[in-house]
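Student: I would like a close look at a single part of this model, with the cut-offs behind each term spelled out. Could you take one helix and then set some helix pairs beside it?

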Amino acid sequence: MIQLFNFKQKVDYKTEILAGLTVAMTMIPESLSFAILAKLPPLVGLYGAFIMGLVTSIFGGRPGLISGGAGATVVVLIALMNSHGLDYVFAAIILGGIFQLLVGVFRLGKFIRLVPQPVMYGFVNGLAVIIFMAQLEQFKTVVDGHLVWLSGSNLYTMLGLVALTIIIVMGFPRITKAVPSSLVAIIVVGFIVFFFKIDTKTVKDIASVSGGLPPFHIPQVPLTFETLQIIFPYGLVMGGVGLTEGLLTLNVVDEITETRGDGNRESLAQGAANILNGFFFGMGGCPMIAQTLVNISAGARARLSGIVAAFTILSIILFASPIIEALPMAALTGVMMMVAMGTFEWMSLKIINKMPKADIVVGVLVALITIWLHNLALAVLIGVIISALVFAWESAKRIRARKFMDENGVKYYEIYGPLFFGSTTAFMEKFDIQNDPQEVIIDFKESRIADMSAIEAVNKLTEKYLKLNKTVRLRHLSTDCRKLLQNANQVIDVNIIDDPTYPVME
């Protein structure tokens, strides 16, 4: 039975509520921006933030994780929106949610642990750069249908307000940490703009945020195999990107809070939330590392802050849209820039000269792919593959053989290190088949036959000895390997007492 809330946990209600309010303030403009970027109705972005935030805060894999209409997942759907329209997007979101549910049901979330630390560094640093670069868009405006950089007084006003926001975010914690500095900065800069009637870009300039409750809507798409062919790639990629970003964000929060989240439960919650998004006019999404770090840095450690953030967004849609629409974008931009600075793993720069060269290359490559393509899943996948290949190469160099002759003229090869696809060539080169005596013993006590390539290499080796009518005995092989070796009966010296039992690795 899933325990939704830990009632033994001591909850600081003031901190949780203030953190939730701060998260909502930073999530609203981002959700609107991503919805507009994907040519979706603005309210679809806010509905997505509300549904994702509420469902995952209650049912998700760990407290403190904030989900919403994330750009990583929305970017995947832009092409589908342009080619087939909104209903196909909702259908793809539902399919992505089903995929995420299946990952949770079959408990596949644990495989995120296979992501090496250099890949984590690259992912987080790349994401920090994306968050920072996205804020530079607020320094642009539309002139004669073209997007151009601000200039003159408008630019200086924007820079001044952003700088003031950053100063407050950095300096206010020295006065008190009772109230999140990000929320204070947004309120102070908002009041300054309002009372001094400063002409600057506000949330209203992006889009209106007023509306009603999320409406129930069944995607109007034909229930045919052709429809599935259209939406399947988008749903699969969206679900995969959401899970990748979500589970990596969960790991980041685990490290910060020194607690352990549940990746499978998070997958289930994400899937359920995205299915609801598809039926209730939401643009879908996943855990958002920027808003999560805002939440954690504000001191939130329970599920309440996420619930507060979700209901704050809904309340603003229903009742308080004029207030939010009046907030200056400069304040929100400053807060998000500080989030980007906090997201970057500065420690990775300090230890870069102590890391293996391969790890440095992997980390930089993952960061560059994240920044260039905005495809977090692809960046992480490439990083994991390269790390695995490097590991295989290093492991392949470690196989060796100790050779000696006993008093009876029998030659021994004692194999050390793993025998797998990467080390089979080096393994074969250890043997002097032509010049070996009539009797040879190969001992695998300190080695492991890990895959079919290794088994095939042993098969070929025994065949070469048999062609020269030489007796070769293989010792300390697992039962699985004995069954698979073609020449088993002729060449394996079975010693039940000494031979270990271990399965061939899949």
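Tutor: What follows begins with one helix and the residue after it, and then turns to another helix and to two packed pairs. This is a predicted model, in which local features need pLDDT of at least 70 and side-chain atom pairs count only at pLDDT 80 or more, while totals for chains, interfaces and linings use all residues. Residues are numbered from 1 along each chain as its sequence is written, and side-chain values use heavy atoms, with hydrogens and water left out.

Helix α14 covers residues 357-373, and its 17 residues reach 24 Å from the first C-alpha to the last, close to the 24 Å expected at 1.5 Å a residue; helices here are DSSP runs (H or I, at least four residues), numbered from the N terminus, and the expected span is 1.5 Å times one less than the number of residues. Within α14, Val362, Gly363, Val366, Ala367, Ile369 and Thr370 are buried, where buried means under 20% relative accessible area and exposed over 50%, with partly exposed in between (1.4 Å probe, protein chains only). Seen down the axis of α14, these buried residues fall within an arc of 165 degrees, so they line one face of the helix; the arc is that of the directions from the helix axis to the C-beta atoms. An α-helix has 3.6 residues a turn, so residues three or four places apart point the same way. On the other side of α14, Lys357, Val361 and Trp372 are exposed. After α14 comes histidine 374, whose phi is positive, near 60 degrees.

Helix α15, residues 376-396, contains serine 395, which counts as buried because its relative accessibility is 6%. Not counting residues up to four places away in sequence, serine 395 touches Pro418 and Phe420, contact meaning heavy atoms within 4.5 Å.

As for the pairs, α7 (residues 181-195) and α12 (residues 329-343) pack at about 160 degrees with their axes 8 Å apart; axes are lines fitted to C-alpha atoms, for helices over the stretch in contact, and angles run from 0 to 180 degrees between N-to-C directions. The helices α7 and α12 are therefore roughly antiparallel, a label for angles over 145 degrees. Ser182, Ile186 and Val189 in α7 meet Ala331, Leu332 and Val335 in α12. Helix α4 (residues 86-105) and helix α9 (residues 263-279) also pack at about 160 degrees, with their axes 7 Å apart, which makes α4 roughly antiparallel to α9.

Notes: Helix = DSSP H or I, 4+ residues; strand = E, 2+ residues; numbered from the N terminus. Parallel < 35°, antiparallel > 145°, perpendicular 65-115°, else oblique.
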